[in-house]
Every structure is written in C-alpha cells, then in structure tokens.
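Here are some exercises to work through with the coordinates open. Try each task yourself before reading its solution.

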Amino acid sequence: MTGVDSGSSGKTSATGVSKLSKLATFPVGVSLSYGNEAFSYTNSPPQQAVIKTHFSQLTAGNIMKMSYLHPDRDTYNFTQADDFLKFAKDNGKTLHAHTLIWHADYQVPAFMKNYQGDKAAWLAMLKTHVQTIATHFSGKVASWDVVNEAINDGGGYRNSIFYQKTGTDYIEQAFINARAVDKKADLYYNDYNIEADSAKLQTLTNMLDGFKARSVPISGVGFQMHIFMDYPSVSTISAAFKRAVDRNLKVKITELDIPINNPFSAPYKAGDIKRELTPALALAQKKRYCEVVKAYMDTVPAKLRGGVTVWGVSDPSSWLISDLFKNAHADWPLLFDGAYQQKPALRGVADGLSGKACTNT
C-alpha cells in the first residue's frame, strides 16, 4: 500500500492488484446489470474492462430470475440470458445462475400468483418450471442458486406463496428436479443473514440435515453476505461457514458487499452518517474485506470452496443505495469507484486471497 489520494473515492494511488481472480483457485465473481438496466455492462467499455481483467465468474443481477425467464405458464424467454451467457463464454468466464425459485413479489410471475391447483398440482407446475429452465442451461452454467431466501429472519420458513401451497416440499423438490436434468452443475441453497442470525442458521442447519437424511442432491450453501463494517463479527461468520463445512457442503459467498454506513446501528440512527469516503474509511473497509475473505480461506477447505462473488462492480451501481438507504445519501460498498478505479477494498480482497495480513494501512 503506497498511500491514498484525497479524493472522495478513497482509492489508493497504486493498489497493485493486476488480476484479482488469478489469486484464487476457485471462482472470483461479480454480479452484473444487463441491457437497459442502470449501470449495465453492455453500455460501458470501462466496466467491461474491469470485468474481463479481475473476475472469472459472472452472475446476472436480474435477468435469470423467475419473471424474466418464465413470464407466462407456457412462455419462456431465454434471449437475454443466452446473450449474457455468450458474453461470459466469449470472455472465458463461467456463469453462476441466479435463481430458479425466489419469493419476491416482483419476481414471481403473475401466472403463478394466480395459479389454481392443489399441492400436487403446484409441485408439478414448479417441476416443469425448474426442469425447463435447468434443461435449457444444462452443461452451460457452473452452478445454480436453486432456491433463494426460503427461511425467515428469526428462524422458521418464509410464508411465501410456495410455502403456502406446498409447505417445505417445494424446496427439496426443486433440488431433485434440477439435478434430474443437469447432472453436473453445483446446486446451492442461497440466503442472507444466515451468517449472523442464529435462529435462521439453525433452521438452515436442520433443513440441510433433513436433506442429507433423504439424499436430496444439494451441493452447497450460498451465503449472500450483505454485511456491515461493524457486524457481524469475523468469528460469527466463520462459525456459520463451518455449519456447511461440517456437512461436507460447499460454501459460496454469493452477494458480498460492505457499505460504510450501517443503517441499523445506534450511531447511524443518532445521525452519525458518513457522507464521504475518507482515506481512513477506505482503508478500514479494505481491512474488513480482507478479514472476511481470510475467514473464508481459513474455515473452508479447498475442496469445499465454491467461490466468492461481489454484488456489483462500482459503488454507485449498488442496490444498497436505493433499497437500504432509500437514496438518502451515497455509500461505497464495492471494490471500484464510479470511474471504475480500484479502491483499497480490492486490495483487501487480494490480501485475503493471498494470505497476507489484514491491515488498515
């Protein structure tokens, strides 16, 4: 680390990270916006340069979700996803597909919301959904988030439309149905806050143990890791990873971002809002990124490392600014600034991958 400039990006004058993904033997990924979406890579040569240089795996931020791929019962639309897949393949990147089943209201197709049928009919409809999509991409994607966010904050199962109609059966049936048509892709259960919420983690653990007892074909757990500078602790994160490791399941960090502000913290609620990425804050963020990646490397054995993906390329593109902070102020959760210049956070990930000491200098 040779120093930090005085600009608001908090970037180093010479971070020295030439190709991030070369520092790992597992996928180092990034999520991307596509087409007409804001901050789309398709309209940004500078963003494409960063993607091509530093990442070995890509995830679509939106276009491989339910409503995009399966807008009506007998209608599937693979045009955008196929183009995204071509971009990945043409640039030597693998693709982590996100996601086959997710409860979010804006992503559940209208025909599913209005679907009339008993439990058996719902399971059959979802089987067709999963298998049609997974068949289309079989042999083309490295992995899937098969089911996303099916567990409640505080434990228990989310009362989604899928749960209301099928109980928990839709979850394991999704894995069974995906594996039936794609023999090779890694199949992940993906969720947020399972590294911090002990009750949520326990529900996950119980689910995984049930899967094992019934030989449900799951490859690993996706830890989204939308975390904060001050929460949760590294030891808590490591202990959560170990729950999957102890069950011989892969661990994949799927949606990593670390904002400077924590809207749930007492200082933030009292008005202590960081409105500029100072050099000191940028270096503290560097250390935090390093510590998270180091915890991953220390806790997860090589054979169970599914990869590390950051959720977005540049700070202004982060979903956190609109969804978490309601556009009240800026934040800087990612590895590159708005001009696609490297930040100290990138060096932090590189140090964590390389086994170097995590410092804020």
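Before you start, note that this is a predicted model.

**Exercise 1. Which elements cover the buried residues of H13, and how far is that helix covered?**

Solution. Start with the surroundings: strand E1 (28–32), helix H1 (45–54) and H11 are among what covers the buried residues of H13. Next, go along the helix itself. Pro 344, Ala 345, Leu 346, Arg 347, Gly 348, Val 349, Ala 350, Asp 351, Gly 352 and Leu 353 are buried. That puts 10 of the 11 residues of H13 out of reach of the probe by the burial cut-off, so call the helix mostly covered. Finally, look just past the end: Gly 355 has a positive phi of about 80°.

**Exercise 2. Find the salt bridge that joins Lys 286 to Asp 351, and work out which parts of the chain the pair ties together.**

Solution. First check the distance: the N to O separation is 4.0 Å for Lys 286 and Asp 351, and the cut-off is within 4 Å. Then place the partners. Lys 286 sits in helix H11 (residues 279–299) and Asp 351 in helix H13 (residues 344–354), so the bridge ties together parts 65 residues apart in sequence. Last, check the burial: Lys 286 and Asp 351 are both buried.

**Exercise 3. Take two more salt bridges, Lys 200 with Asp 191 and Asp 272 with Lys 274. Are their residues buried or partly exposed?**

Solution. Begin with Lys 200 and Asp 191, whose closest N and O atoms are 3.3 Å apart. Both Lys 200 and Asp 191 are buried. This pair also belongs to a network of salt bridges that links Asp 153, Asp 191 and Lys 200.

Now turn to Asp 272 and Lys 274, with 3.2 Å from N to O. Asp 272 has 38% relative accessibility, so it counts as partly exposed. Lys 274 comes in at 30%, so it counts as partly exposed too. For the whole model, the tally is 14 salt bridges.

**Exercise 4. What span should H5 have, and what end-to-end distance does the model give?**

Solution. Helix H5 (residues 119–137) has 19 residues. Use 1.5 Å a residue, counting one less than the number of residues, and the expected span is 27 Å. The end C-alpha atoms are 27 Å apart, so the two values agree. Beyond the helix comes Gly 139, with a positive phi near 80°.

**Exercise 5. How do H5 and H7 pack, and which residues meet?**

Solution. Get the geometry first. The axes of H5 and helix H7 (residues 169–181) are 9 Å apart, at an angle of about 35°, and the crossing is right-handed. Then list the contacts. On the H5 side they include Leu 123, Leu 126, Val 130 and Ala 134; on the H7 side they include Tyr 170, Gln 173, Asn 177 and Val 181. Why might such spacings turn up? An α-helix has 3.6 residues a turn, so residues three or four places apart point the same way. To finish, compare with burial: Leu 126, Val 130 and Ala 134 are among the buried residues of H5.

**Exercise 6. Is Ser 238 buried or exposed, and what does it contact?**

Solution. Locate Ser 238 in helix H9 (residues 234–245). Its relative accessibility is 16%, so Ser 238 counts as buried. Setting aside neighbours within four places in sequence, Ser 238 contacts Ala 295 and Thr 299.

How values were computed. Residues numbered from 1 in each chain as written. Predicted model: local features only at pLDDT ≥ 70, side-chain atom pairs only at ≥ 80, totals over all residues. Heavy atoms only, no water. Salt bridge = Lys/Arg side-chain N within 4 Å of Asp/Glu carboxyl O. Buried < 20%, exposed > 50% of the residue type's maximum accessible area, 1.4 Å probe, protein only. Helix = DSSP H or I, 4+ residues; strand = E, 2+ residues; numbered from the N terminus. Axes fitted to C-alpha atoms, helices over the stretch in contact; angles between N-to-C directions. Left-handed = near helix turned anticlockwise from the far one by under 90°. Contact = heavy atoms within 4.5 Å.
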